[in-house]
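Here's a quick look around a fold for anyone meeting it for the first time. Take a moment with the picture, then read on.

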Amino acid sequence: MRVLDPYVRRARATYPAAKVRFLAGLPPRHSFFVTVRLTDSLKYHEQVFLAVESIVGERLHGSIANDITTVRGFKRGDSYTVPESDLVDWLIAKPDGSEEGNIVGTFMDTYRPPQNSCTDRDRAG
């Protein structure tokens, strides 16, 4: 969705600082996630959280943290590696339930697509 583009750009722009914090070691019970898109052999897509376990060079290594509902061949808990260039968003979850980042996710929580100006009722005449 094009409407997400500025939020994805902002998430990618702020990711390097979050990466530095992760590599330096987050406080106890803090978790680092990135949002990525999975694609299956049928070209179906699904956006998921990856619980980051390590970052080596420009590759994120972790495990899928969502139940999978659309793409085939993936499941919660699967190990997955993705280049940083595929990052859609990032999130640091804190033990008190608060979070940092989640720029795209926060926008999506409140986004409502524009209403069509023409409805079936209007066309019925």
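## Around the sheet

His61 sits opposite Thr81, a residue of strand E4. A little further along, Ser63 faces Ser79, also in E4. Keep in mind that this is a predicted model.

Those two pairs belong to the partnership of E3 (residues 59-64) with E4, which is antiparallel and runs over 5 bridges. E3 also pairs with E2, again in the antiparallel sense, this time over 6 bridges. Between E2 and E3 there are just 2 residues, so to speak the bend of a hairpin, and Gly57 in that turn has a positive phi of about 65°.

Here are the opposite-number residues in one place:

| Residue | Stands opposite | Strand of the partner |
|---|---|---|
| His61 | Thr81 | E4 |
| Ser63 | Ser79 | E4 |
| Val52 | Gly62 | E3 |

Now zoom out. How many strands make up the open sheet, and in what order? There are 6, lined up as E4-E3-E2-E1-E5-E6, with antiparallel pairing. Strand E4 (79-83) and strand E6 (99-101) are at the edges with a single partner strand each, so one side of each has no neighbour in the sheet. On average, neighbouring strands are turned by 40° against each other, ignoring direction.

And what packs on this sheet? That's helix H1 (residues 5-24), which touches strand E1 (31-39), strand E2 (45-56), E3, strand E5 (89-93) and E6. The direction of H1 makes about 35° with that of E2.

Methods: Residues numbered from 1 in each chain as written. Predicted model: local features only at pLDDT ≥ 70, side-chain atom pairs only at ≥ 80, totals over all residues. Heavy atoms only, no water. Pairing = 2+ DSSP bridges. Helix = DSSP H or I, 4+ residues; strand = E, 2+ residues; numbered from the N terminus. Axes fitted to C-alpha atoms, helices over the stretch in contact; angles between N-to-C directions. Contact = heavy atoms within 4.5 Å.
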